[in-house]
Amino acid sequence: MSLIAENKSAVTQTLLDQLQNNASKVAFMPDSEIVSAIRYLEDKGIPNNKHEDYKYCNIEGILRKEFKSVEQSFNALIPEDIAPLKLEEAINLVVVNGNYVSALSEKMIVRGLTVKAFNELSALEKNLLSSQAKSESDALIALNSAFCGNGLYLEIENANVIPMPIHIIYVNSGNGNCVVNTRSFIRIGPNAEATLVESFYNIGNSKVFSNFVSEKLVEENAKLTCFTFQNEGSLSYSVHTNQAKIFKYGNYSNMTATLSGELVRNNHNVVLAEPNCEAHLNGLFITQGTQQVDNHTLIDHQMPNCESNELYKGIAKDKSSGTFNGKIFVRKDAQKTNAYQSSKNILMSDDATINTKPQLEIYADDVKCSHGTSTGKIDTEALFYLKARGIGEDTARKLLLQAFAQELIDKIEIPTLQERVLHLFEESL
Amino acid sequence: MISIKNLHASIGDKEILRGINLEVKAGEVHAIMGPNGSGKSTLSSVLAGREDYEITEGEVIFNGKNLLDMAAEDRAREGLFLAFQYPIEIPGVSNINFLRTALNEIRAYHGQEEMSAKDFLALVKDKSKLVELDSKLASRSVNEGFSGGEKKRNEIFQMAMLNPKLAILDETDSGLDIDALRIVASGVNKLKSKDNATILITHYQRLLDYIVPDFVHILYKGRIVKSGGKELALELEAKGYDEIKKEFELAD
Ligand SMILES: Nc1ncnc2c1ncn2[C@@H]1O[C@H](COP(=O)(O)OP(=O)(O)OP(=O)(O)O)[C@@H](O)[C@H]1O
Ligand SMILES: [Mg+2]
């Protein structure tokens, strides 16, 4: 065995040992899934920068450096901890350190809405878990499948339109170094509609490696509008995997705003599994210091007449870095596909970097696809125009950066959330 | 108001301004004419504080202060205004927000408080009337999707809002239709007072029919090669630049 391979398995093995020692006796995924998850992990290891999809994001390196030992010492939270994180116009549900906490969540009887912890699921429902996010596709999904907590299962039954947003607050809180595997499953039944906000926090002073996986099913003619709010703070290193599958006439959209987190890696994978469905993925981030934010998207057009749209924007300051990697597959049956992708980035310092990589693989002939990326400095002509009107350098920069981000901030249709994003965004300019 | 002495400016190793001398007093209107590429926009950019140019010689005193030492924003705050030959589009920044920010930063510089929203809107209403600017344009992004003429009108609207001491209008007349030209010119005339001054850069006598200059200067190859009264513009209109070019070719 080469030295690299030994090192690789060593880090993974240490992590597995530590997690296994600390794991609760109850497992939440189907048994067969856990077995294959562990096998996959032992075989492939946590990805490092030799892995093509993690070229700029060495997760193994971070675990080796920052999480040599993990204490897994967690705090229970009280309503006062959660209160400031809530959104007043939403039903607020709370997941702490990977476990759904019913006692902290709002219980509103809404027709068609089911919220359960994983340990309350029927055998049928339990079998849905891990039906979308497969351990064999990514070691971090495998890690999550093997060790996830008592996650949240949310279902909207047929033809129900939920009148207010549902807000899932994922909050980590512990002491020392912790690894948290949070999992959720969202199912929007046929003809149903919901708006979902998922917020991510790390409160307290624990350094956390947070490995989140969410599976999302948007069934026939259903609509799921998601907003992801990432504000995990400088002690957090997180990977967020969203695995969504959209059925006939289904409509899935997501807008991710990343405001803090030392490392945030988003893997947003969408399968357009049936004809006439659509997906809209958007993202905005602003990074400073040594932060890193990576957005990896994969849109898999499998059937005809589907549409996908992606718009990602990033602003990198100081020595921070970011990535946009957008894969689009258009399978041979996916005729009449419309797929658009755009990534625009502004570098605010010479030491900041943003890498972009559109990757289109098209196997059908009657398709419309376009992609564009741009990464550059702030527009000096516009800056001069503003200054020539008496606006100071700092204010002028802020105006231009706000303008750059505005079209994405406008997509956040929930006023309290939009305000929260705008406030943090302006603060970090 | 402004006194420009032996101003030299270059970009790379190309010297574009090669010793400009110009004195403008309060209450005066000066026109600068000259063939394409002679350096008119460069002069206005240098005065407004664009940093792409290297000033190699000369000085500019603006109301007793050394203009070339000031940042672009401070020049504007001191009362210098440049109406751009090619106004920049700034998607996402609304005209209104832009102007409110500009106005308040200028006020802060002079130790004045922010203008109230009510007073500001009243001012917008008043000044947009002056150049007959469609009120819809005021709420749109700065110059985004504006027609050529609308952009020029918007420049004068901004000038009206900021009430500068010295306005430099760089070919504000080009691209304007006959009616718009009259409207813009009458706006400029209304803003004129004994305490402020205007430099008009133009290629056409037509503008000078509306805004009558006290002095006309001809800029050629980075120098003011001839100055005179308003009749100089008429002479140019009749004869073109040939004579001037011939006369000063050797200077190159
Ligand atoms: N950024 C630049 N880089 C290189 N050359 C420049 C730059 N800016 C101006 N120049 C050159 O300087 C000269 C003067 O340009 P300027 O725009 O000042 O002319 P102008 O008198 O305003 O012309 P016009 O009547 O066409 O508007 C031109 O030859 C132009 O190409
Ligand atoms: Mg010019």
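In the predicted model, a polar side-chain atom of Gln85(B) is placed 3.1 Å from an oxygen atom of ligand 1. A second side chain of chain B takes part in a similar way, in that an N or O atom in the side chain of Glu171(B) is 3.3 Å from an oxygen atom of ligand 1. The backbone also contributes, since a backbone N or O atom of Gly39(B) lies 3.0 Å from an oxygen atom of the ligand. Around ligand 1 there are 15 residues, of which Gly37(B), Lys40(B), Ser41(B), Thr42(B) and His203(B) come nearest.

Helix packing in chain B was examined next. Helix H3, which spans residues 95–109 of chain B, packs against helix H4, residues 117–130 of chain B, at an angle of about 115°, and the axes of these helices are 12 Å apart. Angles from 65 to 115 degrees count as roughly perpendicular, and H3(B) and H4(B) are therefore roughly perpendicular to each other. Their crossing is right-handed. On the side of H3(B), the contact is made by Ile96(B), Leu99(B), Arg100(B) and Leu103(B), while H4(B) supplies Phe120(B), Leu123(B) and Val124(B). By character, the residues of this contact divide into six nonpolar, no polar and one charged.

A further pair in chain B is formed by helix H6 (residues 148–162) and helix H7 (residues 178–191), which pack at an angle of about 15° with their axes 11 Å apart. Because angles under 35 degrees count as roughly parallel, this angle makes H6(B) roughly parallel to H7(B). The crossing of H6(B) and H7(B) is left-handed. Arg153(B), Ile156(B), Met159(B) and Ala160(B) of H6(B) make the contact with Ala180(B), Ile183(B), Val184(B), Val188(B) and Leu191(B) of H7(B). These residues comprise eight nonpolar, no polar and one charged.

In chain A, the axes of helix H2 (residues 31–44) and helix H6 (residues 139–147) come within 8 Å and cross at roughly 135°, an angle that makes H2(A) oblique to H6(A). The crossing in which H2(A) passes H6(A) is left-handed. From H2(A), the residues Glu33(A), Ile34(A), Ala37(A), Ile38(A), Tyr40(A) and Leu41(A) meet Ala139(A), Ala142(A), Leu143(A), Ser145(A), Ala146(A) and Phe147(A) of H6(A). The residues of the contact between H2(A) and H6(A) divide into 10 nonpolar, one polar and one charged.

How values were computed
Residues numbered from 1 in each chain as written. Chains lettered and ligands numbered in written order. Predicted model: local features only at pLDDT ≥ 70, side-chain atom pairs only at ≥ 80, totals over all residues. Heavy atoms only, no water. Axes fitted to C-alpha atoms, helices over the stretch in contact; angles between N-to-C directions. Helix = DSSP H or I, 4+ residues; strand = E, 2+ residues; numbered from the N terminus. Parallel < 35°, antiparallel > 145°, perpendicular 65-115°, else oblique. Left-handed = near helix turned anticlockwise from the far one by under 90°. Contact = heavy atoms within 4.5 Å. Nonpolar A, V, L, I, M, F, W, Y, C, P; charged D, E, K, R; others polar. Near = heavy atom within 4 Å. Polar contact = N/O pair within 3.5 Å; in protein donor to acceptor, adjacent residues only side chain to side chain.
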